[in-house]
Amino acid sequence: TTPAPWINVIANPVFGFQVAAEGSGFSWSINSRENQLTPWSNDPVADRPGEVIYVRDEETGQLCGPTAAPIRDESLLYTARHGQGYSRFEHSAHGIALDLIVYVALDDPIKISRLKIHNTSKRTRKLAVTAYVEWVLGASRGASAPFIVTEVDPKTRALFARNPWNAAF
């Protein structure tokens, strides 16, 4: 735990995100106030993440993640490294070592999250990785949440989210 908020802002000219030492943060496109993709929290006590990666052991049901937020086991170590243009998170729990690096493509509006998983136990594991995103797609979640529409592309299986009421963006 850091004595004060410790964040990294990673961006290119048209896209970016902010990430805290605990792993919470938010993403935006073009303008970080007007075009939030995920929610921004200005609460230093309860910095609730709007973007999370979960890893679940399908046999035991144990849940963990590479970042300290939102699942934090006070008895275990979480490592966060902020660098110029990237942040890296490492955590080991339940015989699983996780290494997450997040960064933005130099010329494209894309946040890249690369998760490496290493089984440190002696047994075969069946794991599920789930990425959670709380969409904003506008200037505030409260105003845009009722209008957000999601759909899965049948060909690529990609998930698309849009806000048809945000005509400017």
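**Exercise 1. In what pattern do helices and strands follow one another when the protein is read along the sequence?**

Solution. The model is a predicted one, in which local features need pLDDT of at least 70 and side-chain atom pairs count only at pLDDT 80 or more, while totals for chains, interfaces and linings use all residues. Residues are numbered from 1 along each chain as its sequence is written, and side-chain values use heavy atoms, with hydrogens and water left out.

Step 1. Helices (H or I, at least four residues) and strands (E, at least two) are taken as DSSP runs and numbered from the N terminus.

Step 2. Read in that way, the protein gives β-β-β-β-β-β-β-β-β-β-α-β-β, and its secondary structure comes to one helix and twelve strands.

**Exercise 2. Describe the overall dimensions, surface and charges of the protein.**

Solution. Step 1. The radius of gyration is taken over C-alpha atoms, and the globule rule is 2.2 Å times the number of residues to the power 0.38. For 169 residues a compact globule would have a radius near 15 Å, and the protein, with 17 Å, agrees with this. Along the principal axes, the C-alpha atoms fill a box of roughly 55 × 45 × 30 Å.

Step 2. With accessible areas from the Shrake-Rupley method and a 1.4 Å probe, the protein exposes about 10,300 Å², of which carbon and sulfur atoms supply 55%. A residue is called buried under 20% relative accessible area, exposed over 50%, and partly exposed in between (1.4 Å probe, protein chains only); buried residues make up 36% of the 169.

Step 3. Counting Lys and Arg as positive and Asp and Glu as negative, without His or the chain ends, the protein has 17 positive and 17 negative side chains, and the centres of the two sets lie 5 Å apart. Each charge is placed at NZ of Lys, CZ of Arg, CG of Asp or CD of Glu.

**Exercise 3. Trace the pairing from strand 6 to strand 9, and state which parts are covered.**

Solution. Step 1. Two strands pair if DSSP finds at least two bridges between them. Strand 6 (residues 78–83) runs antiparallel to strand 7 and is joined to it by six bridges, with Tyr86 of strand 7 as the bridge partner of Gly83. These strands form a hairpin with two residues between them, and Gly85 in the turn has a positive phi of about 90 degrees.

Step 2. Strand 7 (residues 86–93) pairs with strand 8 in the antiparallel sense over eight bridges, and Phe89 stands opposite Leu100 of strand 8. Their hairpin also leaves two residues between the strands, and there His94 takes a positive phi near 55 degrees.

Step 3. Side chains in a regular strand alternate between the two faces of the sheet. In strand 7, the covered face holds Ser87, Phe89, His91 and Ala93, whereas Tyr86, Arg88, Glu90 and Ser92 are on the uncovered one.

Step 4. Strand 8 (residues 96–104) is mostly covered, with eight of its nine residues buried. Its antiparallel pairing with strand 9 (residues 111–119) extends over nine bridges, where Asp99 stands opposite Lys116 and Ala97 opposite His118. Six residues lie between strand 8 and strand 9 in their hairpin.

**Exercise 4. Are Ser29 and Asn12 buried or exposed, and which residues do they contact?**

Solution. Step 1. Contact means heavy atoms within 4.5 Å, and neighbours within four places in sequence are left aside for both residues.

Step 2. Ser29, in strand 3 (residues 25–29), has a relative accessible area of 12% and is therefore buried. Its contacts are Val14, Phe15, Asn35, Leu37 and Phe169.

Step 3. Asn12, in strand 1 (residues 7–12), is buried, with a relative accessible area of 13%. Asn12 is in contact with Val104, Ala105, Leu106, Asp107, Asp108 and Pro109.
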